[in-house]
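Trainee: I would like to go through this structure step by step. Please keep the answers short.

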Amino acid sequence: FIKTTGQRGFGIFRETMEEELVGRRDLEGLVRSALQKNLFSLQFQPIMSLPRGRICGFEALLRLTSEAGTPVSPELFIPVAEELGLLPETGEWVLNKACETAAGWPDGISAAVNLSPSQFATGSLPSQVQAALTASGLAPERLELEITEGILLKDTDAILQQLTELKALGVTIVMDDFGTGYSSLSYLWRFPFDKLKIDRSFMEAYSHSGETIQQILKAIVALGRALKMQVTIEGIETVFHARAVKDLAIDNLQGYLFGKPMADVEIPNAMLKDFVKTMNLPSDAAGPA
Ligand code: C2E
Ligand code: MG
Ligand code: MG
Ligand code: MG
């Protein structure tokens, strides 16, 4: 019921994939059976740390592949899983799988896991995270949890309580897709974020609005510094993008230039050891070694 496109499940193919899904029912059925049928997997995308230009972690990204082998974009299936009430369970699977995988990487390399609103609904997220850390043996300093503003919109006290508990475990809390929602600034002082991840839409606009984007990024970095938060920017696709941000004193970069999401087994060994050499990162993008 889902035609093979040969394309990977990235967001840019969303329209095509939507057209090719005969019905939402089919997608629902697929999502419902996915855990049991082992159709979920994780891919990992490298995150660079500056100024040395080394890899410091990977973001875990959930993948769903139909039984016929067709990838379905997370931008399609995650909202469906959320609506069907399946995300608490799926999210727990992601947490466990990501921690287990990261425990096999060298010490300095962390994993970032995306969380969705319903994972906060039961109140058991902190104990789930603790359990994933214990089972895998991963040090809490090597786990980052990414949340978007959508999570913070309601039930503020319950969310704040859980974020505080999570921080007490020693994990890092990241505000993902920063700059895309509304009221971002009020969330910054009400919630204990350690990191801001600037949405990739800023880099997408860079080619036509470079000057303005530069100024906005400068201001976000200054804000992050003032609030003692680290700053990451995603969507670095080209050397042009990397050059554009190299003087902004951003802590972490992520994007296709450094690596696309890949299965754990596909991560080159050298990428875990000496990322700069492996990726031929242009030296002016990496900054001084
Ligand atoms: P996100 O957390 O903001 O993840 C970054 C997305 O940007 C990923 O899309 C990644 O493949 C894509 N990306 C990375 N670098 C580049 C680049 O240079 N250019 C472009 N154009 N795109 C880039 P993906 O994997 O399709 O995931 C989409 C969204 O789905 C994620 O956005 C996240 O919100 C959600 N998601 C993915 N995995 C999970 C998960 O395990 N749990 C939850 N709750 N949400 C997830
Ligand atoms: Mg993310
Ligand atoms: Mg993001
Ligand atoms: Mg996103």
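Trainee: How are the donor residues of the magnesium ion (ligand 3) spaced in sequence?

Mentor: Bear in mind that this is a predicted model. The protein donors of this ion are Asp176 (OD), Asp177 (OD) and Glu234 (OE), at 2.0 to 2.3 Å from the magnesium ion (ligand 3). Written along the sequence, their spacing is D-D-x56-E.

Trainee: Which residue bridges the magnesium ion (ligand 3) and the magnesium ion (ligand 2)?

Mentor: The magnesium ion (ligand 2) has the protein donors Glu59 (OE), Asn114 (OD1), Glu146 (OE) and Asp176 (OD), lying 1.9 to 2.2 Å from it. The list for the magnesium ion (ligand 3) holds Asp176 (OD), Asp177 (OD) and Glu234 (OE). The two ions lie 4.0 Å apart, and the residue that coordinates both is Asp176.

Trainee: Is Asp176 buried or exposed?

Mentor: A residue counts as buried under 20% relative accessible area. Asp176 has a relative accessibility of 6%, so Asp176 is buried.

Trainee: What is the relative accessible area of Asp177, and which class does that give?

Mentor: The partly exposed class lies between the buried limit of under 20% and the exposed limit of over 50%. Asp177 has a relative accessible area of 24%, so the class is partly exposed.

Trainee: What spacing do the donors of the magnesium ion (ligand 2) follow along the chain?

Mentor: The protein donors are Glu59 (OE), Asn114 (OD1), Glu146 (OE) and Asp176 (OD). Along the chain they follow the spacing E-x54-N-x31-E-x29-D. Two of them show how distant parts of the chain are linked: Asn114 is in strand 4 (residues 110-114) and Glu146 is in strand 5 (residues 143-147), and the pair is 32 residues apart. The full spacing, again, is E-x54-N-x31-E-x29-D.

Trainee: Which class does Glu146 fall into, buried or exposed?

Mentor: Asn114 makes a useful contrast, as its relative accessible area of 28% makes it partly exposed. Glu146 has a relative accessibility of 1%, so Glu146 counts as buried.

Trainee: How much of the area of ligand 1 does the protein bury?

Mentor: An oxygen atom of ligand 1 is 3.0 Å from an N or O atom in the side chain of Asp177, and one is 2.9 Å from a polar backbone atom of Tyr256. Taken alone, ligand 1 exposes 790 Å², and the share of that buried by the protein is 91%.

Trainee: Which element supplies the largest share of the shell around ligand 1?

Mentor: Ligand 1 is surrounded by 24 residues, and the closest are Arg63, Asn114, Arg200, Glu237 and Tyr256. The shell divides into 10 nonpolar, 5 polar and 9 charged residues. Strand 2 (54-65), helix 3 (74-83) and strand 6 (172-178) each supply at least two of its residues. The largest share, 4 residues, comes from strand 2.

Trainee: Which residues does Ala81 touch, leaving out those up to four places away in sequence?

Mentor: Ala81 lies in helix 3. Its relative accessible area is 3%, so Ala81 is buried. With residues up to four places away left out, Ala81 touches Val31, Leu86 and Leu87.

Trainee: What does helix 2 (residues 24-34) pack against with its buried residues?

Mentor: The buried residues of helix 2 are Leu27, Glu28, Leu30, Val31, Ser33 and Ala34. They pack against strand 1 (40-49), strand 2, strand 3 (71-72) and helix 3.

Trainee: What is the length of the polar contact that joins the side chains of Ser118 and Glu82?

Mentor: Ser118 sits in the loop between strand 4 and helix 5 (125-136). With a relative accessible area of 19%, Ser118 is buried. Among the residues Ser118 touches, not counting those up to four places away in sequence, is Glu82. The polar contact between the two side chains is 2.7 Å.

Trainee: What percentage of the residues in the chain is buried?

Mentor: The chain has 14 helices and 9 strands. Of its contacts with a separation of 6 or more, 68% are between residues 24 or more positions apart. Among the 289 residues in the chain, the buried ones make up 49%.

Notes:
Residues are numbered from 1 along each chain as its sequence is written. Chains are lettered from A and ligands numbered from 1 in the order in which they are written. This is a predicted model: local features need pLDDT of at least 70, side-chain atom pairs count only at pLDDT 80 or more; totals for chains, interfaces and linings use all residues. Side-chain values use heavy atoms; hydrogens and water are left out. Donors are N, O and S atoms within 2.8 Å of the metal (3.2 Å for Na, K and Ca); water is not among the atoms, so sites may look incomplete. Buried means under 20% relative accessible area, exposed over 50%, partly exposed in between (1.4 Å probe, protein chains only). A residue is near a molecule or strand if one of its heavy atoms lies within 4 Å of it. A polar contact is a pair of N or O atoms within 3.5 Å; within protein, one must be able to donate a hydrogen and the other to accept it, and residues adjacent in sequence count only if both atoms are side-chain atoms. Accessible areas come from the Shrake-Rupley method with a 1.4 Å probe; for residues, only the protein chains shown count as cover. Ala, Val, Leu, Ile, Met, Phe, Trp, Tyr, Cys and Pro count as nonpolar, Asp, Glu, Lys and Arg as charged, and the others, Gly among them, as polar. Contact means heavy atoms within 4.5 Å.
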